[in-house]
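Thank you all for coming. I would like to take a few minutes to walk through one model with you, beginning with the overall fold and then moving to the places where its parts meet.

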Amino acid sequence: MLNDKSPHSSRCAIRDCRSKALSLSAFLLCMGTVLGTILSTPISHAASFDCKQAANRAERHICANEELSRIDEVLADEYKSAVTSVSAENRLRLKEFQKEWLRARNACENRTCILDQYEKQILSLRYFDCASHDSTLGQRCPSELPQGLPRTASGKILLLTRKDCRETQSPNATEIIADCIEARIYDPCDDAGGTWGRAQCAYAHMEVAERRRRVAEKHLLELWGRSMDARDLRTALSKSTDQWIRARDKLCNARNLNYSKYEFEQEGVDISAVVPPPDDAEIWGFCLRRLAEERADDMEYFIKEKKIQGNQRDRNSFTKYLAQSGFKRPNDDKATPEKRPSDFPPTDSCTVTRC
């Protein structure tokens, strides 16, 4: 389980947002302020063995690395679970299987090797009862065994359960839930009931989009830096991003104020008479998420186009995009379905005015 070691002030700030009688838009704005300012607190874990008794290089690596210590704990739990789920005959085979694995792990000389050994063994233990065909849990065996543990977009193994993701109270909750979304363990939008759930849905997906944008911008610097002056490109990209953030915040603030006005006007109105919000109204968190996803889509679009063509026209199109002052999407004026990547949002389905 996650350890909540958040500062007292951070917990109070989150409770304060929850306890106030705020409209949805005001609540999301409050949570955005809290989650954007509180400090991240790392989740700490100890290995399943006494690190003072570390007997080899692999065990010393495990004790010195938080991720390895955590995965060692997970494996220990998986082993205990496997031992109780198999017959006495297969229990002896399981113990020998674990001893063989320990010898392979102890032969590792670096973190990558150790992590690989743990990932394979956890999966083997998790589905050991499926291979033995004598477990009471056999009816829950999947038709195809997974090839690896859940990972985030950056490749980090995520050792959390759906319950861990859903119930985390850490001040670092937005990043943790974004990890869970990327690893396909949990998506808060699937059960986003009430203002708190909707806030988590909006801000977690915004964090996922921001990660995509940062990765794409880094890739663009590497990709285009060979054919353009790298320093000029870095300056143009940094200036464009700063300008986009300012424009995004200004636009979303205005749209959120309009939404608050809309909410006020709808108070006390019979449910049958409620009208949809106007085109210039949008909840703060949802506006931030949408624009972040559009920016990430744009960056990824130029990466794909560069890989396909890589000519002077592409470079001119990219520098023109960076120099714009608004939110115009790439090729909005000339784009056709066959020329646009299939996963690039059509301009008529998600625009700057409404999604």
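Before I read out the fold, a word on terms: the helices and strands I mention are DSSP runs, a helix having at least four residues and a strand at least two, and they are numbered from the N terminus. With that in hand, the pattern along the sequence of this protein reads α-α-α-α-α-α-α-α-α-α-α-α-α, and the secondary structure amounts to 13 helices and 0 strands. Please keep in mind throughout that this is a predicted model.

The protein has 355 residues, of which 42% count as buried. If we take the contacts between residues at least 6 apart in sequence, 68% of them join residues that are at least 24 apart.

Let me turn to how some of the helices pack, starting with α3, residues 57–64, and α4, residues 66–85. How are α3 and α4 placed relative to each other? Their axes are 5 Å apart and the angle between them is about 105°; since angles of 65 to 115 degrees count as roughly perpendicular, α3 and α4 are therefore roughly perpendicular to each other. On the α3 side the contact involves His61, Ile62, Cys63 and Ala64, which meet Glu66, Leu68, Ser69 and Asp72 of α4. Sorted by type, the residues of this contact comprise 4 nonpolar, 2 polar and 2 charged.

Helix α4 also packs against α6, residues 111–126, at an angle of about 25°, with the axes 9 Å apart. Angles under 35 degrees count as roughly parallel, and α4 and α6 are therefore roughly parallel to each other, while their crossing is left-handed. Among the residues making this contact are Leu68, Ile71, Asp72 and Leu75 from α4, together with Ile114, Leu115, Tyr118 and Ile122 from α6. Here the contact residues divide into 11 nonpolar, 1 polar and 6 charged.

Some of these names come back when we look at the interior, where the largest nonpolar core has 23 residues, and where Ile71, Leu94, Ile114, Tyr118 and Leu149 have the most contacts inside it. The elements that contribute two or more residues to this core are α3, α4, α5, which spans 88–106, and α6. If we follow Ile114 and set aside residues up to four places away in sequence, Ile114 touches Ala58, His61, Ile62, Leu68, Arg105 and Cys108. Apart from this core lies another one, of 12 residues, including Ala216, Leu233, Met299 and Tyr301.

I will finish with two single residues, and the first topic is Thr152, which sits in the loop between α7, residues 128–132, and α8, residues 162–167. Is Thr152 buried or exposed? Its relative accessible area is 6%, and so, with the cut-off for buried being under 20%, Thr152 is buried. Neighbours within four places in sequence aside, Thr152 is in contact with Asp179, Glu182 and Ala183. Between Thr152 and Arg184 there are 8.4 Å in space, C-alpha to C-alpha, although the two are 32 residues apart in sequence.

The other residue is Ser240, found in helix α11, residues 230–266, and Ser240 is buried too, at a relative accessible area of 3%. Which residues does Ser240 touch, not counting those up to four places away in sequence? They are Arg295 and Leu322.

Methods
Residues are numbered from 1 along each chain as its sequence is written. This is a predicted model: local features need pLDDT of at least 70, side-chain atom pairs count only at pLDDT 80 or more; totals for chains, interfaces and linings use all residues. Side-chain values use heavy atoms; hydrogens and water are left out. Axes are lines fitted to C-alpha atoms, for helices over the stretch in contact, and angles run from 0 to 180 degrees between N-to-C directions. Angles under 35 degrees count as roughly parallel, over 145 as roughly antiparallel, 65 to 115 as roughly perpendicular and the rest as oblique. A crossing is left-handed if the near helix is turned anticlockwise from the far one by less than a right angle, and right-handed if clockwise. Contact means heavy atoms within 4.5 Å. Ala, Val, Leu, Ile, Met, Phe, Trp, Tyr, Cys and Pro count as nonpolar, Asp, Glu, Lys and Arg as charged, and the others, Gly among them, as polar. Buried means under 20% relative accessible area, exposed over 50%, partly exposed in between (1.4 Å probe, protein chains only). A nonpolar core is a set of buried Ala, Val, Leu, Ile, Met, Phe, Trp, Tyr and Cys residues joined through side-chain atoms within 4.5 Å.
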